[in-house]
Protein chains: 2
Amino acid sequence: MSNSTPATIEDVARIAEVSIATVSRAIHTPEKVANSTRLKVNQAIAVTGYTTNAMARSLRLGRSNMILVVAPDIGDPNFSNILVGLENEARAHGYGILIGHTQNDAQRGLEYLKFFNSNQAAGLILFTGILPFGHQTMTARLPPSVGVFEPVFNGGIPYVGVDDTEGARKAVDLLLAEGHRKIAFIGDSRTRLAYVRRRMGYDAGLDAAGVPPDLRIVLEGDGTIESGRHAVEQLFMRDTLPTAFMCVNDQTAIGVMIGLGARGYDIPRDFSVTGFDDVPQAVFISPALTTIRQPRTAIGKQAMALLLELLSDGRPAETEILLRPDLVVRNSVSAPSRQWLKR
Amino acid sequence: MSNSTPATIEDVARIAEVSIATVSRAIHTPEKVANSTRLKVNQAIAVTGYTTNAMARSLRLGRSNMILVVAPDIGDPNFSNILVGLENEARAHGYGILIGHTQNDAQRGLEYLKFFNSNQAAGLILFTGILPFGHQTMTARLPPSVGVFEPVFNGGIPYVGVDDTEGARKAVDLLLAEGHRKIAFIGDSRTRLAYVRRRMGYDAGLDAAGVPPDLRIVLEGDGTIESGRHAVEQLFMRDTLPTAFMCVNDQTAIGVMIGLGARGYDIPRDFSVTGFDDVPQAVFISPALTTIRQPRTAIGKQAMALLLELLSDGRPAETEILLRPDLVVRNSVSAPSRQWLKR
DNA sequence: ATCAGCCATGTAAAGGTTTACATCGTGGAT
DNA sequence: ATCCACGATGTAAACCTTTACATGGCTGAT
């Protein structure tokens, strides 16, 4: 029992006085084995403390029970919460997870493909919008994969994310309800689907409220704090100041808040600001940021569930799963100040 | 090449016109193979795109190239930065990493031990101060392990962390240099080594500055934000207010700042506050927190290096590696206010 | 009483490596 | 010229499973 080498299926077979084939069957297809025999086998397993050797099993089966999770940067705080959902769901189904990060280096991404050649991993969770291996990689040879947050550019890869349009709509509706009419949308890159969809929510909300197009201000950037700051400067250059900034993500929103703060304005008294994502910092900046929450753990769970389904069935039930995002009201939004309303 | 099934060592052998044994030798012990032969093999490998099947290799060798990383909570933002260091170092040596989290549930921890029985993992990185499996687990049967941040209670397990005493000393020295004399130490639990060591730094600093014991205030808590808040209330109850709060970690420091803010005090004008850890939020709260930085990526790298050394040599070179922590000066510390100095 | 068919079990091959041992050939020492 | 030693390579076993196929015994129908 506390033997140095772990028990093998043969040890179990000897003790249960059956063949190793029967032991294997008793474990994996118990209905094919007589009750009495199954009992003996189970006892023998208990006595020996037997655990099937995953290596031998994977070798024989030609597939493993590991899922590779690749992110551009596993240091990203967004990453860890997703990981919780992924891991829980995986383990519940007897899978483990492997971690890789590419730091946006295609070469590194390619290294991870080796995990599949050698059957070390059965499936892939992708965190980035682009394939971490060069796009030339034939998608045909990609392992079963699921994207998280964003659809994976260029692949027919299903993904799990949040309904960006609905989320943006909730943000803009809040601002409208507070009385804002001149609301700027500070985006990142138009090439990103998240941008496109969030902006659709913005436009839809303003349309519904009857806000004319000439009251709309749309800027682009790169989604960083710096980019938010820059957007504020740009708007002060032109003469067209909004009463509220609706930002494509929290980073941008934080940048906007810093930019406005640097010019001596108070949020939310002078301007209202909303973000998107609900990053961990959102609650710590002051004023705490009103934003749209990504249900991260749930996204991770769903993504893993979808991947496992794909692994067993071969075909995913759906190719896009969008979860409902929630509005998180904190302190960065209020009614527009009279000063700006006059304009 | 773009064959459906990946190339095996046999394919390589056939093309190189050698036996599979020679191929294996050419890869793993190239010095045992004639130059000309090695060349042929390498070409054949290039042609076929051969990658050794890790499953078969692990099965044969009886050990894998995976390291299991177990944390109580992988959603913890501290976790992800360590992960970066761990992963980089592991990959540099041909290892991959597996993730597990226990949520402080011993049962869950035990499940992860199966990874070792079945040779799915060769070594273990532990994130918690206590063994995630019941303590009764014979340490003799533990896989090669290394702790991160804290020594693992009860095991003879080497660990990599930060020099807590030196870090605390840096914090207290800063406060002393600003002119503080009455400095409260807000700790967590005395059972934690980090607490003990950080407090040693606190005492050593005050001793060196000749601050008499009756000017020292030490409180315990549980290291949470709430606990920091509570400590402030306690100190206002008694009549003994310090001019500075030196906190055992950033969570506590944030709690202290919130508590002082709630009572209408300004930091750092009325009170100075320091933390320890430099969590990501530390820079976002206002005022930004002056604290001691844990060099997380470096810790991860060192921990993995130590583990890999242990895996090859069998014995670790050292059993405790303490990295030098840095003081990060932000805005939560200034000279004591005159109002309090008078007391 | 015979036999078909079925259920439970056993036998053996296969999956891809690594490596101890065997073999073969060459060069140098006698 | 003979033999030894050594270096390079090949052969085959072992690692632990899973599963197709074979076997054997039993039930129930004829």
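1. At what angle do helix H1 (residues 9-16) of chain A and helix H3 (residues 35-48) of chain A pack, and how far apart are their axes? The model is predicted. In this model, the two helices pack at an angle of about 125°. Their axes lie 8 Å apart.

2. That angle makes H1(A) oblique to H3(A), because angles from 65 to 115 degrees count as roughly perpendicular and those over 145 as roughly antiparallel. The crossing of H1(A) and H3(A) is right-handed.

3. Look next at the residues that meet. H1(A) contributes Asp11(A), Val12(A), Ile15(A) and Ala16(A). From H3(A) come Lys40(A), Val41(A), Ala44(A), Ile45(A), Val47(A) and Thr48(A). By class, this contact of H1(A) with H3(A) has seven nonpolar residues, one polar residue and two charged residues.

4. Now the sheet. It is open and has twelve strands, with mixed pairing. The order is E11(A)-E5(A)-E4(A)-E3(A)-E1(A)-E2(A)-E2(B)-E1(B)-E3(B)-E4(B)-E5(B)-E11(B). Strands of chain A and chain B both take part, with E2(A) next to E2(B) in the order.

5. Which strands form the edges? They are strand E11 (320-323) of chain A and strand E11 (320-323) of chain B. Each pairs on one side only. On average, neighbouring strands of this sheet are turned by 25° against each other, direction ignored.

6. One pair within the sheet can be followed in detail. Strand E3 (residues 123-126) of chain A and strand E4 (residues 145-148) of chain A run parallel. Three bridges join them. Leu126(A) stands opposite Gly147(A) in E4(A).

Methods: Residues numbered from 1 in each chain as written. Chains lettered and ligands numbered in written order. Predicted model: local features only at pLDDT ≥ 70, side-chain atom pairs only at ≥ 80, totals over all residues. Axes fitted to C-alpha atoms, helices over the stretch in contact; angles between N-to-C directions. Helix = DSSP H or I, 4+ residues; strand = E, 2+ residues; numbered from the N terminus. Parallel < 35°, antiparallel > 145°, perpendicular 65-115°, else oblique. Left-handed = near helix turned anticlockwise from the far one by under 90°. Contact = placed C-beta atoms within 7 Å. Nonpolar A, V, L, I, M, F, W, Y, C, P; charged D, E, K, R; others polar. Pairing = 2+ DSSP bridges.
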